[in-house]
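Thanks for coming, everyone. I'll put the structure up now, and then we'll walk through it piece by piece.

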Amino acid sequence: MYFKKIGIIGLGMIANTRHIPELKDVENCKITAICDIDENKLKIVGNDLGIPDELRFTDYHDLIASPEVDAVEICTPNHLHIPIATAAIKMGKPVNVEKPLSINLQCCEPLKNALKENYVLNMMSFTYRFMPAIRYAKWIIDNGHIGDILNVDVEYFKDSGFIKGRRLEWRFQKEMAGTGVLGDLGVHLIDMAELLAGKITSVCGVTDIIVKERQKIDSEEMAKVDTDDYCSFICNIENGVRGNFVISRCAMGKPNSVKFDIYGTKGLICFNMNNPNVLDFYSEVSDIGGDRLQTITVPQEFHTTQEAEFIKMLNGERCDILPTIEDGLRSQKILDSILKSSEKNCWVNI
Ligand SMILES: NC(=O)c1ccc[n+]([C@@H]2O[C@H](COP(=O)([O-])OP(=O)(O)OC[C@H]3O[C@@H](n4cnc5c(N)ncnc54)[C@H](O)[C@@H]3O)[C@@H](O)[C@H]2O)c1
């Protein structure tokens with residue numbers, strides 16, 4: 001493996017809880033440069049990682065141009081993913097882009113054009129794909145242990161929308177987030193459903209804004225929330241599979257509850273994100289598990305991390321379920337279609 005120098009743009013929650021800690025655990029790479037518009041975050045993260053002042057940037061163009069950066073991780077709010085990824089690709093630098101890819105499909109055009117003109121290695125941070133249970137579920141399904149898939153039944157409930165005093169951060173503003181809980185949590189589930197059960201072909205959904213106004217970040221003034229914090233949709237998936245999704249961040253009493261059930265003609269797989277190392281599994285035809293729904297532990301060979309796979313990709317060792325910008329574009333199209341379905345009160349074909 002060649003040694004890789006990584007630049008991180010956006011030093012907020014996800015950079016500090018996933019990208020940076022996971023990269024610290026990967027051999028043959030180093031975080032060499034960081035960028036944020038918040039100088040305080042630059043100082044804290046820069047000091048922690050021992051990054052010299054000249055490689056702490058407030059303008060992402062400077063980080064991308066630095067010869068000390070081989071590849072770029074994009075961990076900013078959603079509306080910045082496309083301009084930053086496009087700039088990096090134009091410089092020939094591989095990217096790992098946080099989800100969702102953008103605020104809508106139309107905004108993705110510059111990125112699509114840049115990739116067409118100058119293809120570079122790319123990845124989307126569809127984090128759930130790297131969870132051991134999801135990788136194992138894919139193996140179980142692909143090896144016929146639950147027969148043909150009939151339906152997927154998905155719930156993601158959080159109560160984080162009700163946190164007292166939570167202000168009008170970028171997530172609650174359409175011009176920066178695109179969608180609300182749909183793009184924040186739902187996009188992971190959409191990507192997982194497509195990975196495990198097949199391509200979604202049509203959707204019919206509703207969205208709702210439950211907390212309608214919040215206090216602005218930097219003043220006492222209240223302002224309108226214009227992104228969803230509830231979404232439910234049904235969908236058709238190829239080969240006659242049906243999907244049923246409910247996603248909310250205003251689910252009082254449920255701090256973080258995920259149910260992802262995949263029903264087949266011969267068995268059932270149930271995944272819970274709170275325990276990503278096990279699955280609940282039942283099969284009539286498999287020698288894994290038993291004759292009733294029971295918890296099985298994911299074998300070690302299915303364990304990996306998102307950032308380990310990013311570094312492997314940079315070294316030409318792409319794992320077969322690595323999410324790319326192509327997957328980001330697909331799920332963006334599905335997000336746009338669910339919003340359209342909700343607005344027009346109709347089914348929308350993908
Ligand atoms: N993969 C996952 O499971 C997962 C989980 C949470 C968030 N996310 C995604 O990660 C991204 C960031 O989310 P977050 O929760 O970390 O947000 P955050 O608000 O905590 O962090 C965003 C950071 O970007 C910085 N920033 C804003 N404008 C910038 C600019 N022009 N240049 C450089 N930095 C800039 C902000 O100062 C902030 O530090 C979002 O796209 C979100 O959807 C992914």
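So, at what angle do the axes of helix 1 and helix 9 cross? Helix 1 (residues 13-24) and helix 9 (residues 306-314) cross at roughly 65°, and their axes come within 8 Å. Before going on, a word on the source: this is a predicted model, where local features need pLDDT of at least 70 and side-chain atom pairs count only at pLDDT 80 or more, while totals for chains, interfaces and linings use all residues. Residues are numbered from 1 along each chain as its sequence is written, and side-chain values use heavy atoms, with hydrogens and water left out.

Some terms, quickly. Helices (H or I, at least four residues) and strands (E, at least two) are DSSP runs, numbered from the N terminus. Axes are lines fitted to C-alpha atoms, for helices over the stretch in contact, and angles run from 0 to 180 degrees between N-to-C directions.

Back to that helix pair. The crossing is right-handed, meaning the near helix is turned clockwise from the far one by less than a right angle. From helix 1, R18, H19, E22 and L23 meet Q306, E307 and I311 of helix 9; contact here is heavy atoms within 4.5 Å.

Just after helix 1, have a look at N28, in the loop that leads to strand 2. N28 isn't a glycine, yet its phi is positive, about 65°. Most residues other than glycine have a negative phi, and most peptide bonds are trans. On that second point, the bond joining K99 and P100 is cis, with omega about -15°. You'll find P100 in the loop between strand 5 (95-97) and helix 5 (109-117).

Now the sheets. One is open, with 6 strands in the order 3-2-1-4-5-6 and parallel pairing; strands pair if DSSP finds at least two bridges between them. Its edges are strand 3 (56-57) and strand 6 (122-124), each pairing on one side only. Strand 2 (residues 29-35) and strand 3 run parallel, joined by 2 bridges, and C35 has F57 as its bridge partner. Helix 2 (residues 39-49) packs on this sheet, touching strands 2 and 3, at about 160° to the direction of strand 2.

The other open sheet has 9 strands, ordered 16-15-14-13-7-12-11-8-17, with mixed pairing. Strand 16 (294-297) and strand 17 (348-349) are the edges, each pairing on one side only. Strand 15 (residues 278-283) pairs antiparallel with strand 16 over 4 bridges, and L279 sits opposite I296. Helix 6 (residues 132-142) lies across several strands, including strand 7 (149-157), and runs at about 20° to strand 15.

Last stop, the ligand. How many residues surround it? There are 25, and the closest are D36, K41, N78, K99 and T127; to count, a residue needs a heavy atom within 4 Å. For polar contacts with the ligand, think pairs of N or O atoms within 3.5 Å. D36 puts a polar side-chain atom 2.6 Å from a ligand oxygen, and H188 does so at 3.2 Å. E98 has one 3.0 Å from a ligand nitrogen. Taken alone, the ligand exposes 850 Å², and the protein buries 86% of that, using Shrake-Rupley areas with a 1.4 Å probe.

Conventions:
A polar contact is a pair of N or O atoms within 3.5 Å; within protein, one must be able to donate a hydrogen and the other to accept it, and residues adjacent in sequence count only if both atoms are side-chain atoms.
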